[in-house]
Amino acid sequence: MESSVIVLLVLALVAANLPFILPRIAGVFAVKRKHFGWQFLEFLVLYVLVGLLARLLEAQQMPVHAQNWQFYVTTLALFAVFAFPGFVACYFWRGARR
């Protein structure tokens, strides 16, 4: 496995957990309680950013392959699996941040 693929997977794992670990919105704006809606929005934004980075890395090595909706659903599901540790830590171990 190439090092860029490993780095991308580690980055995806970290990015998927950031919305549930960081108490601030986008890591910048302080709020009293970060609702699930904000976490979900951050999750989707980070999914898109990691996807754009992956597309950029693919474009540097070979022609970019066209993808259908099934690819994006599968990668979103994988990103959600990556987010499981942060979700469990946020909602089950420490309880919902109140």
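Accessible area here comes from the Shrake-Rupley method with a 1.4 Å probe. Keep that in mind for the exercises below, and remember that the model is predicted.

**Exercise 1.** Work out what the protein exposes, and which atoms supply 74% of it.

*Solution.* Start with the total: the protein exposes about 7000 Å². Next, split it by atom type: carbon and sulfur atoms supply 74% of that area. Then turn to the inside, where 22% of the 98 residues count as buried.

**Exercise 2.** Describe the fold from the N terminus on.

*Solution.* Count the elements to begin with: you get four helices and zero strands. Their order therefore reads α-α-α-α, given that helices and strands are DSSP runs numbered from the N terminus. Now put a box around the C-alpha atoms along the principal axes; roughly 50 × 25 × 25 Å will do. Last, take the contacts with a separation of 6 or more: 70% of them join residues 24 or more positions apart.

**Exercise 3.** Find the largest nonpolar core and say which helix gives the most to it.

*Solution.* The core has twelve residues in all, among them Leu8, Phe20, Phe43, Val50, Phe79 and Cys90. Sort by element: helix 1 (3-21), helix 2 (36-61) and helix 3 (69-82) each supply at least two residues. Helix 1 comes out on top, with five residues.

**Exercise 4.** List the contacts of Ala83, leaving aside neighbours within four places in sequence.

*Solution.* Ala83 is itself one of the core residues. With the sequence neighbours set aside, Ala83 is in contact with Ala16, Asn17, Phe20 and Phe43. Checking back against the core list, you'll find Ala16, Phe20 and Phe43 there too.

Notes: Residues are numbered from 1 along each chain as its sequence is written. This is a predicted model: local features need pLDDT of at least 70, side-chain atom pairs count only at pLDDT 80 or more; totals for chains, interfaces and linings use all residues. Side-chain values use heavy atoms; hydrogens and water are left out. Buried means under 20% relative accessible area, exposed over 50%, partly exposed in between (1.4 Å probe, protein chains only). Contact means heavy atoms within 4.5 Å. A nonpolar core is a set of buried Ala, Val, Leu, Ile, Met, Phe, Trp, Tyr and Cys residues joined through side-chain atoms within 4.5 Å.
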